[in-house]
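This report describes one protein model for a reader who has not seen it before. It takes up a single residue, then a helix, then the spaces in the structure.

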Amino acid sequence: MLYHYTSFAALDGIIRCAELRLNNILNMNDTSEMRLFITGLCRAVTEKLRADGDEEKARMTEQFFEKEIEEEFHYSAYAACFSRYRDDAAQWERYGYGGQGVCIAFHEERIQKMVGGAVFLQEVSYQKDMREHPLVDAFYHLIKESDGIADELPMLQSLMTDAWIQSAAFKHPSFASEKEFRLVVSPFIWNEFAVEPKYHVSMGRIKKYYPLDLNRMCGRLDMHLSDLVGEIIIGPASNQSLPILQDYLVDCGLHALKDRITLSDCPLRRPNT
């Protein structure tokens, strides 16, 4: 199972509207999202060039990467996040509204079958040292054997596109305890992704997201939405009524989920108690 900790409002979007929102990774809790991977690649490539005594190409490489990082928002990936951990205190606190929310368990194998094209399921890696990553050698050899950055710009841009895509699955090692998986899309690959963005407007801000139609995705595999969900866990600090949640699921046409509700065993303290 992959566990998605969230609010009851988001549960309603997933269950009643059959819509899973992919939100901008740059707005998530790791402030170095995506940039960590790109700067790590830059550091590793320039170190190799400087070890060869090629200071000029190392400096040009840094300038190339700096310009790319300035375009970070253009390359933004969007994701829905999951954890391998069930009923986990840290997940409840960070993503389950201090334990007042809900956790939805999804069958990983069935999610994997549903995705494709520009949407893919990634296990997050937690590292800062990129020296052993295959893209380092790819960048290094291309730049080393060229007469200049400008001469290899199309190939460099192709490598950068791959780098930005892969960056969506790298986080700082301090987040390693989350055991995170992500359902990711990189919408700048427009020819592979036809979903139109939507905007959530609150009192304080406007956020952009991409909605995945779960009914349509399940239908392609002759599955029902209830086949995708293995369990719904009510948060340890929630005052949600079990019978009302059961009625809600039945009225949403998901009777099969009625008996898949459990109460959290996590002894997380309620807020302000």
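Is R182 buried or exposed? The model is predicted, and in it R182 has a relative accessible area of 0%. Buried means under 20% relative accessible area, so R182 is buried.

**R182 and its surroundings**

R182 belongs to strand β8. Its side chain makes a polar contact with the side chain of E180, at 2.7 Å. Leaving aside neighbours within four places in sequence, R182 is in contact with residues from several parts of the chain, including I25, M28 and E33. Among the other contacts of R182 are A79, A80 and C81, as well as F120, L121, Q122 and V124. A168 and K171 are also in contact with R182.

**Helix α7**

Helix α7 covers residues 153-167 and has 15 residues. At 1.5 Å a residue this helix should span 21 Å, and its end C-alpha atoms are 20 Å apart, so the two values agree. The buried residues of α7 are L156, L159, M160, A163, W164, I165 and S167. These buried residues pack against three helices, α2 (35-51), α3 (55-70) and α6 (134-144), and against the strands β5 (119-123) and β7 (170-171).

**Pocket and cavity**

The table sets out the largest pocket and the largest cavity.

| Space | Volume | Nonpolar lining residues | Polar lining residues | Charged lining residues |
|---|---|---|---|---|
| Largest pocket | about 1,100 Å³ | 15 | eleven | eleven |
| Largest cavity | about 50 Å³ | nine | no | no |

The largest pocket, with a volume of about 1,100 Å³, is lined by 37 residues, of which H4, T6, N23, Y97 and K207 are the closest to its centre. Several elements give two or more residues to this lining: the strands β1 (2-6), β2 (19-24), β3 (78-83), β8 (180-185) and β10 (206-213), and the helices α1 (8-15) and α4 (89-95). Strand β8, which is among these elements, is also the strand that holds R182.

How many cavities of 30 Å³ or more does a search of the whole structure find? The search finds one. The largest cavity is lined by L20, F106, I111, M114, V115, L183, L214, M217 and L228. The elements that give two or more residues to the lining of this cavity are α5 (108-114) and α8 (214-219). The lining of the largest cavity has nine nonpolar residues, with no polar and no charged ones.

How values were computed: Residues numbered from 1 in each chain as written. Predicted model: local features only at pLDDT ≥ 70, side-chain atom pairs only at ≥ 80, totals over all residues. Heavy atoms only, no water. 1 Å grid on protein atoms, 1.4 Å probe; cavity = no way out; pocket = protein on both sides within 12 Å on 5 of 7 lines; lining within 4 Å. Points joined across faces, edges and corners; volume = space filled by probe spheres on them. Helix = DSSP H or I, 4+ residues; strand = E, 2+ residues; numbered from the N terminus. Nonpolar A, V, L, I, M, F, W, Y, C, P; charged D, E, K, R; others polar. Expected span 1.5 Å × (residues − 1). Buried < 20%, exposed > 50% of the residue type's maximum accessible area, 1.4 Å probe, protein only. Contact = heavy atoms within 4.5 Å. Polar contact = N/O pair within 3.5 Å; in protein donor to acceptor, adjacent residues only side chain to side chain.
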